[in-house]
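Here are a few friendly notes to read beside the model. Please keep the structure open as you go.

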Amino acid sequence: MSNVKKFWCELTAVLLAAVMVCCSLLSYPGRAHAAKRLSDDEIKEVSDRIIVLVNEARAEEGLEPMTALPYLNDKARERAREAMTKFSHWRPRWDGKPDDNDNIFATIIDDNLVPYAVVGENLAGGFPTAEETFAQWKNSPAHWAAIMNPEYTHIGVGGGYDDNTQYKYYWCQLFVTIDGGRSGVLSGEYIPERYKTKPVDTGDINGDQEINSFDLITINKYLAGKVKLNDLQLESADILKDGAVTSADVLVLRKYILGKIKSVPLTMDEYIIQMANG
């Protein structure tokens, strides 16, 4: 990223944060906190649930879903913990200097790991559930604008709990628009599902308990980058069980649907024989 472009991103982040801080500080509920403390695993489940709600809301407006990144989830959890000390889009600092670009929330993201062109953040607190937290953001125009920003491509959500803080539960959403000029650095991206598709066998990619042309369409869309598959679907789509989903898997699946192959999965040796026999 050029210096000019990076400066623009940082300046944009500061201006956006300045607007959102005011809304954030006014969005807290005056209600009793849940007695039960969520475990770390439960907080991660709530975080994924928030992403599901975000993408469902975007779908209703005809927007593309945002893809979750484990790295951004980790950084969102870190920001939630920082918010317990300083509820602001500027990060805590101990050098006595005023808030500036050196401690804006965006500095928590390593641009070499997630090469962003635009970055944004939502903060919330006080509720233990995805639905209640999501409702806070939905009822705040600035936060809702971030959720509905069509430019954002990726998201990370994280939360934390501390009984000795004002709001107990704290949540963070990090949004980024990936710099299209750089690729090959993102890993583990996924789109959480409300109800996880569970294939019953190899080739049953869409989980309808049948292996047919719909599965073939799904795997082709995946290879074209038009859909995301969960881990179970990827395992089902890996017809050759070689650890990757490629055009070879499409070829084998097509032959199976046409009756030219009697069963799947195939070993690589079986695949070579099938190819030799046409």
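The points below cover the basis of the model, its cores and its pockets.

1. This is a predicted model, in which local features need pLDDT of at least 70 and side-chain atom pairs count only at pLDDT 80 or more, while totals for chains, interfaces and linings use all residues. Residues are numbered from 1 along each chain as its sequence is written, and side-chain values use heavy atoms, with hydrogens and water left out.

2. Have a look at the largest nonpolar core (buried Ala, Val, Leu, Ile, Met, Phe, Trp, Tyr and Cys residues joined through side-chain atoms within 4.5 Å; buried means under 20% relative accessible area, with a 1.4 Å probe and protein chains only). It has 24 residues, and Ile50, Val54, Ile147, Ile155, Trp171 and Phe175 touch the most other members. Among the elements giving two or more residues are helix 2 (40-60) and strand 4 (169-178) (DSSP runs: helices H or I, at least four residues; strands E, at least two; numbered from the N terminus). Helix 2 gives the largest share, seven residues.

3. A second, separate core holds 23 residues, including Trp90 and Leu123.

4. Next, the largest pocket (on a 1 Å grid over the protein atoms alone, an open set of points where a 1.4 Å probe fits, with protein on both sides within 12 Å along at least five of seven lines; lining residues have an atom within 4 Å of a point). Its 30 lining residues include Tyr190, Ile191, Pro192, Glu193 and Lys228, which lie nearest its centre. Helix 2 supplies the largest share of this lining, four residues.

Notes: Buried < 20%, exposed > 50% of the residue type's maximum accessible area, 1.4 Å probe, protein only.
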